Amino acid sequence: MQDQANPEGGPSSPKQRAVRERVERGIYRRRTAAGQTRYEIAYLDSDGKQRWKTEATLRDARLRRAELVTRIGRGERVAPSNVSVAAFADSWLARQESRLRPTTHTLYATYLRLHVKPRLGHRRLQSVTVDDVASLIGEMQRGVRYVERDDRVVPVTGKPFAPWTIRGVLVVLGRVFGAAVRDGTIPANPVRRLEKGERPQVERRGFPELDREAIGLLIGATPPRYRALVAVSVLTGLRQGEALGLRWDDVDVKAGVLRVRRQLDRRGELVEPKTTAAKRDVPIPPSLSRMLAAHRLASLHSAGSDFVFASERGGPMHHRNIVRRGLEKALAMAQLPHLSWHDLRHVAASYLIAEGASVAYLSRLLGHATPAITLSTYAHVYARVEHDDRTRDQMEAAFGDVLATRKPS
């Protein structure tokens, strides 16, 4: 498709006038030098300039003209733009800095720098199609990545990217194109036009589960410096940043409550929780209250404003240290399968579900924005627990008497 300017609103030369004829309002038929027939649409863009667009068939021309008339009628901006994907993405990301959490902003910038710009950054925003987006997905699935060599960015092939990574890139790219649609730079978001089969198939990883004995082994095997932190995380399901952000003023051992009001980000700064629902009071059992009381007595930093889980200098513990020196050593000592720190949250949730916690109550404990998030995350756990109990009851009702009265042969 071509876009031409014609300030006079009609054929711009005698030669063109000889080969172009009006088909209907706003649509002209023209024969090219090669003898092919093309259909041209005449319209005024958002700046009042006469524009021409060329389509291969009359049907396409009618559809395109109807689309343009509709968009202009809605007050959308319809005008050619030479802005590149890279330039628009940078501008969009700069506008998001005050709206996104620092870690999210950094992640988006990384996705754009490593995956979007090397592939699409030089392209005009208006020229990117759904096929271009599908090609980006295909490259990432084949393990193609771009690296800087001798002041040039060159493609190399390695391990295929995980579906979750590709999905993250699509989220950012979709938001960039969505902003372009909103301000009228492009008519449609090509990411939204992907077919289901073109999107990466993300398989949900099964949540790890530890029984009562395994949880006890894990806590007991944790080095003393990190034992209370692991216990809080695996029993309450607090997020890593929420646990590291606790201060002694947030701990009420008499009432058996942890008050989550702030969380620690990856830069070591206390920030507001992600959602209003994340500010919550989390109940703890008396045994954990006693452990925290003992932890406070043994700590060099026990003032109300001090961190519950403090470094030797009194600052918050580092997220990498608690994994390497705490959790990983505990797992090895207890001979338990690998768990990430976030897996401790899933262990807590699964155990609470097994003990009968409702969706609404679990949502409040975990600090989810809505119970719908809790249900979508743990629906399979609820279903399994419910069906397991029901199956046991049904089997007992059907065969309990038979097994009880049957004599061994």
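In the predicted model, threonine 185 is found in the loop that runs between helix 6 (163-182) and helix 7. With a relative accessibility of 14%, threonine 185 falls under the 20% limit and therefore counts as buried. When residues up to four places away in sequence are left out, threonine 185 touches Ser81, Val83, Phe88, Leu125, Gln126 and Ala180.

The protein chain that holds this loop contains 14 helices and 12 strands. Its radius of gyration is 31 Å, whereas a compact globule of 409 residues would have a value near 22 Å. Taken along the principal axes, the C-alpha atoms of the protein chain fill a box of roughly 100 × 70 × 45 Å. Of the 409 residues, 41% are buried, and the accessible surface of the protein chain comes to about 23800 Å², with 50% of this area belonging to carbon and sulfur atoms. Among the contacts between residues at least 6 apart in sequence, 57% join residues that are at least 24 apart. The protein chain carries 69 positive and 45 negative charges, and the mean positions of these two sets are 3 Å apart.

Helix 11 covers residues 319-334, and at 1.5 Å a residue its 16 residues should span 22 Å; the C-alpha atoms at its ends are 21 Å apart, which agrees with that expectation. The buried residues of helix 11 are His319, Ile322, Gly326, Leu327, Ala330, Leu331 and Ala334. An α-helix has 3.6 residues a turn, so residues three or four places apart point the same way. The buried residues of helix 11 pack against four elements, namely helix 7 (212-221), helix 8 (224-236), helix 9 (240-244) and helix 12 (341-354).

Glutamine 335 comes just after helix 11 and is placed in the loop between helix 11 and helix 12. The phi angle of glutamine 335 is near 55 degrees, which is a positive value in a residue other than glycine. Glutamine 335 has a relative accessibility of 71%, and because this lies over the 50% limit the residue counts as exposed.

Two further buried positions were examined, one in a loop and one in a helix. Proline 273 lies in the loop between strand 11 (270-271) and strand 12 (280-283), and with a relative accessible area of 9% proline 273 is buried. Leaving aside neighbours within four places in sequence, proline 273 is in contact with Arg101, Arg261, Arg262, Gln263, Ala278 and Lys279. The C-alpha atoms of proline 273 and arginine 167, two residues that stand 106 residues apart along the chain, are separated by 24 Å.

Leucine 365 has its place in helix 13 (residues 359-366), where a relative accessibility of 6% makes leucine 365 count as buried. Not counting residues up to four places away in sequence, leucine 365 touches Arg280, Val282, Pro283 and Leu352. Of these partners, Arg280, Val282 and Pro283 fall within the range given for strand 12 (280-283), while Leu352 falls within the range given for helix 12 (341-354). Leucine 365 and valine 234 are 131 residues apart in sequence, and their C-alpha atoms are 13 Å apart in space.

How values were computed:
Residues are numbered from 1 along each chain as its sequence is written. This is a predicted model: local features need pLDDT of at least 70, side-chain atom pairs count only at pLDDT 80 or more; totals for chains, interfaces and linings use all residues. Side-chain values use heavy atoms; hydrogens and water are left out. Helices (H or I, at least four residues) and strands (E, at least two) are DSSP runs, numbered from the N terminus. The radius of gyration is taken over C-alpha atoms; the globule rule is 2.2 Å times the number of residues to the power 0.38. Buried means under 20% relative accessible area, exposed over 50%, partly exposed in between (1.4 Å probe, protein chains only). Contact means heavy atoms within 4.5 Å. Accessible areas come from the Shrake-Rupley method with a 1.4 Å probe; for residues, only the protein chains shown count as cover. Lys and Arg count as positive and Asp and Glu as negative; His and the chain ends are not counted. The place of a charge is taken as NZ of Lys, CZ of Arg, CG of Asp or CD of Glu. The expected span of a helix is 1.5 Å times one less than its number of residues.
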